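Grab a pencil and have the structure open beside you. Try each exercise on your own, then walk through the solution.

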Amino acid sequence: MDAPAVDLSTILCGVRLPNPTVLASGVLGLSHQVMARVARAGAGGITSKSCSLKPRAGYHNPTILDWGMGLINAVGLSNPGVEVMVEELQAARELLAPQGIPLIASIFAETIYDFGTVARFISPARPDLIEVNVSCPNIDDRYRLMFAADPYVASQVTRRVKLNTDIPVLVKLSPNVTDLSRIAEAVVEAGADGITAINSLGPGIILDVKTLRPLLAHVTGGLSGSAIRPIAVRCVRDIRRAVGEEVPIVATGGVTTGRDVVEMLLVGAAAVGIGSAVAQRGMDVFRQVNEELRAYMVEHGYGRLSDLRGKALPFV
Ligand SMILES: Cc1cc2nc3c(=O)[nH]c(=O)nc-3n(C[C@H](O)[C@H](O)[C@H](O)COP(=O)(O)O)c2cc1C
């Protein structure tokens, strides 16, 4: 007997993904060759590493460590700048489009105004979506608060980006805030087409007790991977409650198995981002996660992702 048909495809702001697993920004995704390899490995969408107006060197090594429960990183948003990224994205687009794998260009800036400029410069590469990483410090601000920390500032960034591009925009939110729901509402009101959540949690510190020194050169770093997944699930639930089912969420944070994807779908995710698990287990994680997801759906008699989406919300 044939296995029952299971459809893993999903729609994100009008863009079709063949499966819900998206490469999260920053882990790979700097060069078009690597982006194409991740797509061939089974990802349903590719997010490039966040790029800024000018190149940034980032912090000294060591910048990324696996501490057993997940990763800690202080990369410092190193990137070659928007001019180089446009070329990489154009080349990536040519490789991904025939495979039906959408490309998401991640951007960030140091001022609200510059977010608009980076969005304008990146748009000619025609990524399918633009992801706005607001989890970085705002140098306009006396307190160097990150853009994602304040509903008004996050909405101003969103407005600026929307004014400068006709490409659908995902705003990527941080868990390191007191009222995530209000921030989500504010960016949607300002025109965000969807939300990605969460960025890394923290910052944290891990010490080497032999040398009595921090393990990371930058001392503090963001936490990601399995340890943060329950927080990511709660954040996705909060966002979904705040903005409703019309606004798609790319649920990111600790997704490592098919079971984790199911959990994110149950609180309303449209797709999932996978970052740390790719660094820890290699690109094959996409195929494995999708196989596990498919097996779960077959076992429980679900035909499509919408059969699962938001189904746990009445209980959480
Ligand atoms: C090494 C590393 C670099 C990252 N760089 C970026 C980045 O450039 N832009 C961004 O929006 N998020 C960045 N992130 C955050 C991830 O995209 C993701 O939101 C976070 O790690 C949680 O997902 P995960 O647990 O699957 O890794 C980075 C994460 C890691 C581990």
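**Exercise 1. Work out how the length of helix α2 compares with the expected one, and find what covers its buried residues.**

Solution. Keep in mind that this is a predicted model.

- Step 1: Helix α2 covers residues 82-96, which makes 15 residues.
- Step 2: From its first C-alpha to its last, α2 reaches 20 Å, close to the 21 Å expected at 1.5 Å a residue.
- Step 3: Now look for residues under 20% relative accessible area. In α2, the buried ones are V82, M85, V86, E88, L89, A92 and L96.
- Step 4: Here's a handy bit of background: an α-helix has 3.6 residues a turn, so residues three or four places apart point the same way.
- Step 5: The cover over the buried residues of α2 includes α1 (32-40), β4 (45-47), β7 (103-107) and α3.

**Exercise 2. Describe how α1 and α2 cross, and say which residues make the contact.**

Solution. Two packed helices are described by the angle between their axes and the distance between the axes.

- Step 1: The axes of α1 and α2 come within 8 Å and cross at roughly 30°.
- Step 2: Angles under 35 degrees count as roughly parallel, and α1 and α2 are therefore roughly parallel to each other.
- Step 3: As for handedness, α1 passes α2 in a right-handed crossing.
- Step 4: On the α1 side, the contact uses H32, Q33, M35, A36 and A39, while α2 brings E88, A91, A92, L95 and L96.
- Step 5: Sorted by class, the contact of α1 with α2 has 7 nonpolar, 2 polar and 1 charged residues.

**Exercise 3. Do the same job for α3 and α4: what are the angle and the distance between their axes?**

Solution.

- Step 1: Helix α3 (residues 112-122) and helix α4 (residues 151-163) pack at about 30°, and their axes are 8 Å apart.
- Step 2: So α3 and α4 are roughly parallel to each other.
- Step 3: Their crossing is right-handed.
- Step 4: From α3, I112, Y113, F115, G116 and A119 meet V153, Q156, V157, R160 and V161 in α4.
- Step 5: By class, this contact of α3 with α4 has 7 nonpolar, 2 polar and 1 charged residues.

**Exercise 4. Place R294: is it buried, exposed or partly exposed, and what is it in contact with?**

Solution.

- Step 1: R294 sits in helix α9 (residues 285-300).
- Step 2: Its relative accessibility is 38%, so R294 counts as partly exposed.
- Step 3: Skip its neighbours within four places in sequence, and R294 is in contact with V6 and L8.
- Step 4: R294 and G14 are 280 residues apart along the chain, and their C-alpha atoms are separated by 23 Å.

Terms used:
Residues numbered from 1 in each chain as written. Predicted model: local features only at pLDDT ≥ 70, side-chain atom pairs only at ≥ 80, totals over all residues. Heavy atoms only, no water. Axes fitted to C-alpha atoms, helices over the stretch in contact; angles between N-to-C directions. Helix = DSSP H or I, 4+ residues; strand = E, 2+ residues; numbered from the N terminus. Parallel < 35°, antiparallel > 145°, perpendicular 65-115°, else oblique. Left-handed = near helix turned anticlockwise from the far one by under 90°. Contact = heavy atoms within 4.5 Å. Nonpolar A, V, L, I, M, F, W, Y, C, P; charged D, E, K, R; others polar. Expected span 1.5 Å × (residues − 1). Buried < 20%, exposed > 50% of the residue type's maximum accessible area, 1.4 Å probe, protein only.
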